[in-house]
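Biologist: Before I rely on any label attached to this protein, I would like to hear the reasoning behind it. Could you take me through the terms one by one?

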Amino acid sequence: MLLGEQEQFLSYNGEVLIFQLSKTKHMEGAADKTVNLHVRRMAFNRDTKLFVQKSSGVFSMHASHLKIEIICCSCTTDSRTGIILPCILMKKKKKTNVVKYLLLLLHNSNQFEQSFHFKLDYELKEDIRLITGPSVLWRHANKLFYISSNTCTVLSAPVQLSSVVWTGEIEDEGTVVLGIRTACLPESEDEDEFSTSDRAIWGSEFFGYAIETQKILTGTCFMPHAYSRVVSSVYICKNETLKKQLQISLVAITHKNQLIWFHDGLPKGVCELPYEKPCSVKTAVISSNDLLFVVSFASGNVCVVQRRDSLQVASKWQKVKSVLVDDFIGSGSEQLLLLFKDDSNIDVLGTFEITDLGEVNYASGINYKHDVSAAEELQENGLLTVQALETRLQAGRTSVRELQQHLGLKKRVILESCRALINLVEERTHILPSAKEVKCRREYRSLLNSAEPFEGLVSLWDDVENPPHSLSKETSLASKVPEHFKEQLWQRVVGDSLVVGVKLTESFYLSLRDVSLSLVMDQDFSSISPIIECRNKIIKLNKAFSALAVSSCHIEPPPKKMKLDLHSKKDLKEECPKRCSRVQLGGAKTVVAVTSLSPLLAFHRVCCIVLLHAKKQKHRNDSLQDSKMITVLCGKIFLSLEDISNGKHSVKMLRDNSYCTGSMEDILAVLAVSVRFSFQIVSSDCTLTPVNSWLLGEMECTPFKECHDNIFCHKAGNVYGTVFNWTLKNPFEGVLTLFCRNLTVLFQCLHSLTRVLPPSCDVKLLRSGSKGVLTEQLALALEKEMLTLRSSFFSKESKAENSLTWGSEPGKKISDAPMASLLDSEEGVQQFRKKLQNEREESVLSMNQTMNGARYQEIALKIAEAQLSSDMIVWRLS
């Protein structure tokens, strides 16, 4: 077998494919009958640092009186399977003018498949490309022709072009051909209108042509018009369609020996190339995620341009036979394979270099045999690492599976709790599944081979005698609520917040403590919780509405101990509302809840049940053990997108004769969604008269009719809706309180205020509550905590002291005779010994008493509530 001079190189999945033609002679002097196309798959061995042959294949063609050549080869997508395969275009030329072309596909089994063939009366010489299909595209006589495996017919595109600079896939456009054609200049009577230089620039234009849709793409989205005259090759690095606008990043080489980077049709960088006549450009993404541009020249030279801060030549080589880009060493990133021209080396892969311009550098002609042992050790270490990673992966999968099961159980518990709450409010009996039913369901689910184990829900108090807060007691307490306990239920929309208020009667409110609201959707949802999340804040207004004070006692301090609080307001904040507002105004008591509006509007129409949660106290004693949790149904509210659009529940704050006309519900809604800040302003040189002028003038504030000291800001912009309260202690000192939506509004107001205040003014942010009052409250809270701890721990001992008859035999009474008289006789000694033994047994019994769950829960609840109160005051003092 004599190898021909033709050979082609192609990289495919990290391997190097070498295609060669050979001719077989049956006998000496006989004509050639068969031509074989050989392929060898070469892979790089990291141990020996050489290319070794993995497999080979052959395709035989009858070649009597034919001249067979390899035109080109490339990797393209097979439209039948979507798999990228190597393609080889062959030419068979007879002595006549008819030329036959054959397109072959190479499969992974090294079997060649003839995709299609076609005949032409001319030879393909210009801009030959293999594209998706597979298809063959070429240019002849300034026309574009192509043929695919689907049609097997040569088609002509209705465009004229002088060169093809790129072919490939563009998003939403399919296969696109970028080329240069003669521009259509406007006809003019004046022949001298365009000079010679203008015609040289504007005489050609860059354009794109989509083959499937036969659509012309304007060249300005690729590069400016003036560059079309000098561009010789293009490589599109990125293309995407954003808001129906095509965005493209590409690199182009020019006849002026330049490489230019274009983004969205504009040049972003240029680099001078070290050699003349650049003919092609391709990209490589190396291990550092840097993008390299590999430029090949007609002289056989190659250079690499790196794009960092600017385009610059990073490396260059001479006498290069071929340059390939792929992951040859299996590192997960691309490298460059340079094959050099070497007449002394018969092996086509004898002289090479693999590099990524970084850590990867392999070259032929270097003895790597001494590194074999190190490579074997490295391979062994890699195997151990993979095994360790597999073990960690398996453990991680187990943890994820357990976490998913736990989250599923928590979700079912929450949903079952929501159903129990709704049944309680609507006075229906909620029946939890028994342990027997849960076992049956679990067995049934196991028979179905379910991937997720079934978890049933049973009562946590099945084995507890006399639970302290059962559903029956809740229902009985709810039934004792007076019939007319509320005066009004209202709702308002402020921005993206929904405010719901319940106005309670005076007699009912005085018997409550820790009052809060929660909202429950009336619809039955199986996948989401019907409990609506609310936020938490308390607002207090005095009877005359002359001063505003906001306390944040329901806000939990960040460094807080974990405490048992199953039936207090903490439990409500974690399971139902996260924010409840209580507003006190004279004799009328209003409880307010604030929640986000947008999640509710996703249902378009929604009906919510309003629940009141509180601790009901007995009038004879206001201690913790006499307060009981109650849940009261206050009514329902209806919300729809139509009502919101029509402004039915909007807050209306209008001006009327220098006053702000807003209902009490509107005022409460604005205060509930606002954040309160108080500032002490002290001026040592002059009075604070400018503050009042600033409020009524620049801020365009008007007082409420109910209280002239509290004013509403009508100034357009972000500050609209801010409520101010200005109180003067003396002409040189005052307190300014702001109720604003967020910190941005606060900063805008303070910035405007500082421009009117004298430079010597001192502005200080005040904490909620004075230090003296908080100190006194802390002392009382600590005393209450100490008394609670003492009474809880010593109550058990007092009960033991009242029952000292344990262990004594009935009918017998120990006399109170003096000890000396008992020791005078043997009978007295026995009686004294028996008395001492009984006392010892009673002492042991009193120390080993057990406590049931209900009693322990009651003690833990008292201690937790006392500690929470003291912790809160300490946090506010810090």
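**Labels and their grounds**

Modeller: Ala314 is a good place to begin, as Ala314 lies in strand S24, residues 311-317, where strands (E, at least two residues) and helices (H or I, at least four) are DSSP runs numbered from the N terminus. This is a predicted model, in which local features need pLDDT of at least 70 and side-chain atom pairs count only at pLDDT 80 or more, while totals for chains, interfaces and linings use all residues. Residues are numbered from 1 along each chain as its sequence is written, and side-chain values use heavy atoms, with hydrogens and water left out.

Biologist: Why is Ala314 called partly exposed?

Modeller: Buried means under 20% relative accessible area and exposed over 50%, with partly exposed in between, using a 1.4 Å probe and protein chains only. Ala314 has 37% relative accessibility, and therefore counts as partly exposed.

Biologist: Which residues does Ala314 touch, not counting those up to four places away in sequence?

Modeller: With contact taken as heavy atoms within 4.5 Å, Ala314 touches Val304, Val305, Gln306 and Leu357.

Biologist: How many disulfides does the structure hold, and what makes a pair of cysteines count as one?

Modeller: The pair must have its sulfur atoms within 2.5 Å, and the structure holds 0 disulfides. Cys87 is in no disulfide, the nearest cysteine sulfur, that of Cys75, being 7.7 Å away. Likewise, the sulfur of Cys749 is 6.4 Å from the closest cysteine sulfur, in Cys740, which is too far for a bond.

Biologist: Are Cys87 and Cys749 buried or exposed?

Modeller: Cys87 counts as buried because its relative accessibility is 1%, and Cys749, also at 1%, counts as buried too. For the protein chain as a whole, 43% of the 878 residues count as buried.

Biologist: What is the strand order of the open sheet of 4 strands, and which strands stand at the edges?

Modeller: The order is S5-S6-S7-S8, with antiparallel pairing. Strand S5 (67-77) and strand S8 (112-120) stand at the edges, since each has a single partner strand, so one side of each is left without a neighbour in the sheet. Neighbouring strands of this sheet are turned by 20° against each other on average, direction ignored.

Biologist: How do you know that strand S6 and strand S7 are paired?

Modeller: Two strands pair if DSSP finds at least two bridges between them, and 7 bridges join strand S6 (residues 84-93) to strand S7 (residues 99-106), so the requirement is met. These two strands run antiparallel, and Met90 stands opposite Leu102 in S7.

Technical notes: Axes are lines fitted to C-alpha atoms, for helices over the stretch in contact, and angles run from 0 to 180 degrees between N-to-C directions.
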